[in-house]
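Here are a few exercises to work through with the model open beside you. Try each task before reading its solution.

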Amino acid sequence: MPFPPLRPPKRPAGRRRLAAVSVGPACALLTTLPAAADTGTGTDTDATPATATGVSTDTTTVTLVTGDRIVVTTRPGRKPTYVALPAAGEDGAVESYDDASGDHYAIPAVAMPYLGNGLDRSLFDITRLAQEQEGSGTAGAASDNVASAGGGGRISVDLSFAPGATPAGPAGVTLTSVSGATARGYLTASSGTAFTAALRRAIGDDVAAGRRPGSTPLSDGLTSMSLAGAPSEDTPDGTVSPKYPLKILQINTTGLTGLPATAYLQLYNTDSLTRENTSVTAVNGVARVAVPAGNYGLYGLFYDYDAQGRLSAVRQFTLSDFAVSATGTTAVSLDETTASSLFSVRTPRPAVQDILMAHYFRRDATGALTSMLLTMWGSTPLYTNAQPAAAVGEIHDVVQWGATAATAGDAYRYDLAYGSDGVPADQTHAATAGTFATVHQHFAIDPAANNTYHGSLLTGFVDPYNEAGGDTQVSPWDGQVWPADLTEYLGTGDGGTWAQMASSPGAVWQYADPVTFAGGRSYSVDWNHGPLRPALARHVGYQFCYACAAGPNLTMILEPAVDSVSTHVGFYAFVTVPQHFTLYADGQQVFDSTNQYGVEIKGAPTTPTTYRTVYDTDLSANPAFSQSTRTHTDLTFRYTPQTGGGSALPDTDTCFGKSADTPCQILPALTLGYRLTSDNNNTSDRPIQTMRLDVGHVSYDGAGSHSRITSAKVSVSYDGGTTWKPALVVGRHGTYQVAWLNPASARGTSPALKVTATDAAGGSITQTITNAYTIAKPAATSSTAASGGAR
């Protein structure tokens, strides 16, 4: 029977989350939305009918009119992440935020001079675009308004023209119908290139002529272009009924030359964000808006362009506090020249800036939080104006800065973040050995994967204002080569806690829990190190629980592509994975699906119950995969409902069905951790193969079952699972060293592994991985040489 979709945890009113991520070259992750859930089949498990909802990770790609693409990823229990992939050859600067309704926007810098000046904000409403694409029925397929990931779809737009003008589409726009002063047309991912080129030419011409950028019309007589069917900013749906008396606030903006300037602003009522939290564009030096009287703060960006229409600098302007009077008109003046403090970093090793993110958080007097995010790739400079800490509410201003080695081929980079409770006048920073950690990153890849293009390593600061796993992450413009080893220097200037995510060219995405790195210390992290397989993790930091019960609500989710790090989870992106997930309760099937890898049960038994999960994946027909081509996981545990104890989910985490009266209990499910000795192609040339095996239970900040591990067995097959040979397993209490032969006759092939383990509470797990790793060919014919040594 069908049942309701997964609901993410509620956040305080006014809370807004954003992020900047990246997959492949030039990307940034941006965040918001409820998690999507697909429905499988369910049957009764108790006297009260139970319902079961299948859940999995979904990815959708939409294309903006500028040719930039946004990949929207929705993980169970999480807000979506928005991965921005700037159009090839573009500046790669994106301003992102959530509006008062919760819709997420991502606006490329090239469109800013025309925002509200010919281009409607609806063109950049990622939430609406993603929902319309999902409504088309196929992730990645095109709806009426959205171009597909492959670029073959259309972006349908509505255009308005001045009276008497002959409707004509701007460059890249094909008109399909005209009615008086209105028209409808479309762009495609490819025609967006022509549209963007026209934007650049017009901006460059204005700069060269000494005019305000955006003065030249995109098309004669064009007054507005918006997403087809979207209400214009000037003609909103419904009738506005203000809850407060409104007063006029006039914002005057002056540019570097002293002439009126265009600026892009966020206006906050700091008494309460529910009264006013809105975007304002000052066009030709003036913005007028009706707002309630009270205390306010303001965040704004001035974009400077050169005569080629490209971004030459960004200037961040903030006002910590000002008041809107209850009588008359209040005027506020912003002068771009006061944003004169250049952000810069000195590093011990030569490095060139390739990433800069400015993330400005504002908390009101009630505790509600909002934020604005600017993400830039390349060396575009950022200037700021000094502002004190807030008198009403709080300010937290963070600049995350990344730089790559100055010499091509030197495998190191810096990712540093500096936070403050105001905007300091001195924006110069010196990174020293004691202010950053040295992290040795290792990137492994399936030898069959297409690694002719780069993957990504995304990095984002985590602090009390951005605590839920690091909502903001970004990667370099040109991505990260795989396989490879990289030395990354991670800064401690904003507390030293970082969240990272890696997307391999082999279409495997790995998410890491937030880690706090200590200055002066060294660390080592593996990404995509196999064998990849379904698993539960041992999590740290804020989490949505993938193996929990809360009263009659139960969640069991196995992510399909987990690597060798116990706090990593992973899945296949834009790859169809044949799979089969089944859940049994006391021997009765309660859920069965070939589309999802997890389930949420409503009406689960509240008495002791034995659960069994069987999950199979099969990538054997996909030539881009030669390792972990099939997996079979059979997991059984006995769950006894209780309140409190060592299996109580930490209060800082959440689960499906949690409420003030219904706490979460972690299920006593077993986990397997593999530390296979192999190189960055998951390949081994050792005659005796070794592996560390960790057997434990799913946990959250240490909470979870601590039932004694009673057995662990490992077998290896060199003939695809027809026959099995036992491996030597030495150890106890869940920690084992395992060894077996890599016979000369098996060189160049990929053996299968089978692992079985049990605990004292009656739990068990059996996992079989076909083509778990590769035995290297003889040296004379080896074609699998990989960077990095075996680990």
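**Exercise 1.** In which sense do strand β13 and β19 pair, and over how many bridges?

*Solution.* Bear in mind throughout that this model is predicted. Start with strand β13, residues 246-254: its pairing with β19 is parallel and runs over 6 bridges. To find your place, look for leucine 249, which stands opposite threonine 330 in β19. Next, step back to the sheet, an open one of 3 strands in the order β16-β13-β19, with mixed pairing. Its edge strands are β16 (286-292) and β19 (330-335), each pairing on one side only. From one strand to the next, the twist averages 25°.

**Exercise 2.** Find the open sheet of 6 strands and work out which strands stand at its edges.

*Solution.* First write down the strand order, β15-β14-β17-β18-β24-β20, where the pairing is again mixed. Then look at the ends: β15 (277-282) and β20 (341-342) each have a single partner strand, so one side of each is left without a neighbour in the sheet. Now move to β17 (residues 294-305) and β18 (residues 311-324), which run antiparallel and are joined by 11 bridges. Here phenylalanine 302 has arginine 315 in β18 as its bridge partner. Arginine 315 also belongs to a salt-bridge network with Asp304 and Glu336, joined through shared partners.

**Exercise 3.** Follow the salt bridges between β45 and β46, and decide for each residue whether it is buried or partly exposed.

*Solution.* Begin with aspartate 634 and arginine 612, whose closest N and O atoms are 2.6 Å apart. Aspartate 634 lies in β46 (residues 630-639) and arginine 612 in β45 (residues 609-618), so this pair ties together parts 22 residues apart in sequence. Buried means under 20% relative accessible area. Aspartate 634, at 17%, is therefore buried, while arginine 612, at 34%, is partly exposed.

Continue with aspartate 618 and arginine 630, which meet at 3.5 Å, N to O. Aspartate 618 is in β45 and arginine 630 in β46, 12 residues apart. Aspartate 618 has a relative accessible area of 28% and is partly exposed; arginine 630, at 41%, is partly exposed too.

For a further example, turn to aspartate 415 and arginine 413, a salt bridge of 2.9 Å in which both residues are buried.

**Exercise 4.** What is the volume of the second largest cavity, and which residues are closest to its centre?

*Solution.* The search of the whole structure gives 7 cavities of 30 Å³ or more. The second largest has a volume of about 130 Å³. It is lined by 17 residues, and closest to its centre are Asp446, Asn528, Leu532, Phe625 and Gln627. Sorting the lining by class gives 9 nonpolar, 7 polar and 1 charged residues.

Terms used: Residues are numbered from 1 along each chain as its sequence is written. This is a predicted model: local features need pLDDT of at least 70, side-chain atom pairs count only at pLDDT 80 or more; totals for chains, interfaces and linings use all residues. Side-chain values use heavy atoms; hydrogens and water are left out. On a 1 Å grid over the protein atoms alone, a cavity is a set of points where a 1.4 Å probe fits but cannot get out, and a pocket is an open set with protein on both sides within 12 Å along at least five of seven lines; lining residues have an atom within 4 Å of a point. Grid points are joined across faces, edges and corners, and a volume is the space filled by probe spheres set on the points. Ala, Val, Leu, Ile, Met, Phe, Trp, Tyr, Cys and Pro count as nonpolar, Asp, Glu, Lys and Arg as charged, and the others, Gly among them, as polar. Two strands pair if DSSP finds at least two bridges between them. Helices (H or I, at least four residues) and strands (E, at least two) are DSSP runs, numbered from the N terminus. Axes are lines fitted to C-alpha atoms, for helices over the stretch in contact, and angles run from 0 to 180 degrees between N-to-C directions. A salt bridge is a side-chain nitrogen of Lys or Arg within 4 Å of a carboxyl oxygen of Asp or Glu. Buried means under 20% relative accessible area, exposed over 50%, partly exposed in between (1.4 Å probe, protein chains only).
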